[in-house]
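Me: I have a new structure to look at, and I'd like to learn how to read its features. Could you walk me through them?

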Amino acid sequence: MKAKFDLEADCQPQVYGLGIKELWDIPADKHVPGRVIHTQGWPLAESDTWGGGFLYHQANGQVALGFVTALDYKNPYVSPFQEFQRWKQHPAIREYLEGGTRVAYGARAINEGGWQSVPKLAFPGGALIGCAAGFVNVPRIKGSHTAMKSGMLAAESAAAAIAASHEKTELADYDANLRDSWIAKELKQVKNAQPLVAKFGGDVGTILAGVDMWMRQLKIGLPLSMKHHRDYEELQRADLHQPIAYPKPDGEISFDRLTSVAYSFTNHAEDQRNHLLVEDMELQKRSELGVYAGPSTRYCPAGVYEWVENEDTGEPKFVINSQNCVHCKTCDIKDPNQNIEWTTPEGGGGPNYPNM
Ligand code: SF4
């Protein structure tokens, strides 16, 4: 769609965070309905990136918890999955999980670019609504309300087009109405928060983001939209970084990736084609492995990618366990050469998230 309609022609590139989430049944005496915990930073400081976690006490004695790692990280040895496992070991999080049971696991790349990354929203025969367009209010960690409103505006435009007997049309008024709605007002107020934290780090960046949002609230903000860089462009060569020694899973609070994937209830028909396409396998070997030390083996939260030794030639071989893919799209976003393309699998296969 990007190549055909070029919807991003007049906006900043979209940027993302990889959110990894679990549901747990926890002991009744630890469950406090409605309690919300948000965290920022730890344990990411060591890996020179930023992000944060959440833990929500929801209905039925469950907590939903997760950790988002910004995908503009530079160190190819970062593993967002391992950062999440490490985060769960913090005493303030672990205390709720001890004695509980993990019941579900999932992952998804979250659009964090904000207002300056909202693309053209309508094209012949379709429109972008909700998270497909990127209406997340990053500082509020919230996007359901904007997603619903954008769906309502698109529906109103579609209904008006049908009533006027328009065919094969582009819902141009949807785009205009959205840019005139409270979604635009809300997202413009926070538009520099994400780039300030990305540029200046969790401590200084958060303070600057707070000042920027406060000034905008008072209508004295500078007419300035900070720019984004594509996440894959931020990745640096492996020889500029040290490998990160992540702790082994304890099997109680922290787990390995393959066990975790089983809790996403992912299923793809076994005889379908691989939906993860590598355009140039030589480039993958020479650069993704040779220069960047195989970051796909660490950023993928489902353990889909492996570099193994070819038994016949002794050469490195890129293995793609596509049946494990939980459709988070991180490979399409973070591959340093943009050499991996996520395509839609057949037959509605993929993760089957209960209550996620
Ligand atoms: S293969 Fe790509 S889309 Fe699938 S789970 Fe791994 S990173 Fe996500």
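Me: Let's start with one residue. Where does I141 lie?

Reply: First, keep in mind that this is a predicted model. I141 lies in the loop between strand 7 (126-127) and helix 4. Its backbone is worth a look too: I141 has a positive phi of about 50°, although it is not a glycine.

Me: And how much of I141 is covered: is it buried, partly exposed or exposed?

Reply: The idea is to compare the relative accessible area with two cut-offs: under 20% is buried, over 50% is exposed, and in between is partly exposed. I141 comes out at 48%, so it counts as partly exposed.

Me: Which other residue has a positive phi without being a glycine?

Reply: Try N60, where phi is about 60°. N60 sits in the loop between strand 3 and strand 4 (62-70). With a relative accessible area of 75%, N60 is exposed.

Me: What about peptide bonds? Which one is cis?

Reply: Look at the bond from W42 to P43: it is cis, with omega near 5°. P43 belongs to the loop between strand 2 (36-40) and strand 3 (51-57).

Me: Now the aromatic rings. How is a pair of rings described?

Reply: You give the distance of the centres and the angle of the planes. In this model the count comes to 8 aromatic pairs. One of them is F54 with Y56, a stacked pair with 5.1 Å from centre to centre and 25° between the planes. F54 is buried at 13% relative accessibility, while Y56 is partly exposed at 26%.

Me: How far apart are the ring centres of F84 and W87?

Reply: They are 6.1 Å apart, and the planes are at 25°, so this pair is stacked. F84 and W87 are 3 residues apart in helix 2 (residues 80-88), which means about one helical turn separates them. Both residues are buried.

Me: Which residues form an aromatic cluster with F84?

Reply: F67 and W87 do; the three make one cluster. F84 also has a charge over its ring: the charged end of K88 sits there, 4.9 Å from the ring centre. You can see the same kind of arrangement at F255, where the charged end of R102 sits over the ring, 3.6 Å from its centre.

Me: On to charges that meet. How many salt bridges are there?

Reply: The count comes to 14 salt bridges. Take E8 and R230, whose side chains meet at 3.5 Å, N to O. E8 is in the loop between helix 1 (2-5) and strand 1 (16-25), and R230 is in the loop between helix 8 and helix 9 (231-234), so the pair ties together parts that are 222 residues apart in sequence. Both ends are partly exposed, E8 at 23% and R230 at 27%.

Me: What does E170 form a salt bridge with?

Reply: Its partner is K120, and the closest N and O atoms are 2.6 Å apart. This pair also links distant parts of the chain: E170 is in the loop between helix 4 (144-163) and helix 5, K120 is in the loop between strand 5 (101-111) and strand 6 (122-123), and they are 50 residues apart. E170 is partly exposed at 31%, and K120 is partly exposed at 38%.

Me: Which residues are linked in a network of salt bridges?

Reply: R94, E98, D250 and E252 are linked in that way.

Me: K120 came up a moment ago. Which residues is D175 in contact with, leaving aside its neighbours within four places in sequence?

Reply: K120 is among them, along with P119, L121 and A122. D175 itself is in helix 5 (residues 172-179). At 14% relative accessibility, D175 counts as buried.

Me: Last one, on the surface. Which residues make a nonpolar patch?

Reply: I207, V211, W214, L218 and I220 make a nonpolar surface patch of about 520 Å². Zoom in on W214, which lies in helix 8 (residues 202-217). W214 has a relative accessible area of 54%, so it is exposed.

Methods:
Residues are numbered from 1 along each chain as its sequence is written. This is a predicted model: local features need pLDDT of at least 70, side-chain atom pairs count only at pLDDT 80 or more; totals for chains, interfaces and linings use all residues. Side-chain values use heavy atoms; hydrogens and water are left out. Patches are made of residues with over 30% relative accessible area and no salt bridge: like charges are joined within 9 Å, nonpolar side chains (Val, Leu, Ile, Met, Phe, Trp, Tyr) within 5 Å. Accessible areas come from the Shrake-Rupley method with a 1.4 Å probe; for residues, only the protein chains shown count as cover. A salt bridge is a side-chain nitrogen of Lys or Arg within 4 Å of a carboxyl oxygen of Asp or Glu. Helices (H or I, at least four residues) and strands (E, at least two) are DSSP runs, numbered from the N terminus. Buried means under 20% relative accessible area, exposed over 50%, partly exposed in between (1.4 Å probe, protein chains only). Rings of Phe, Tyr and Trp (its six-membered ring) pair if their centres lie within 6.5 Å; planes under 30 degrees apart count as stacked, over 60 as edge-to-face and the rest as tilted. A charge sits over a ring if NZ of Lys or CZ of Arg is within 6 Å of the ring centre and within 35 degrees of the ring normal. Contact means heavy atoms within 4.5 Å.
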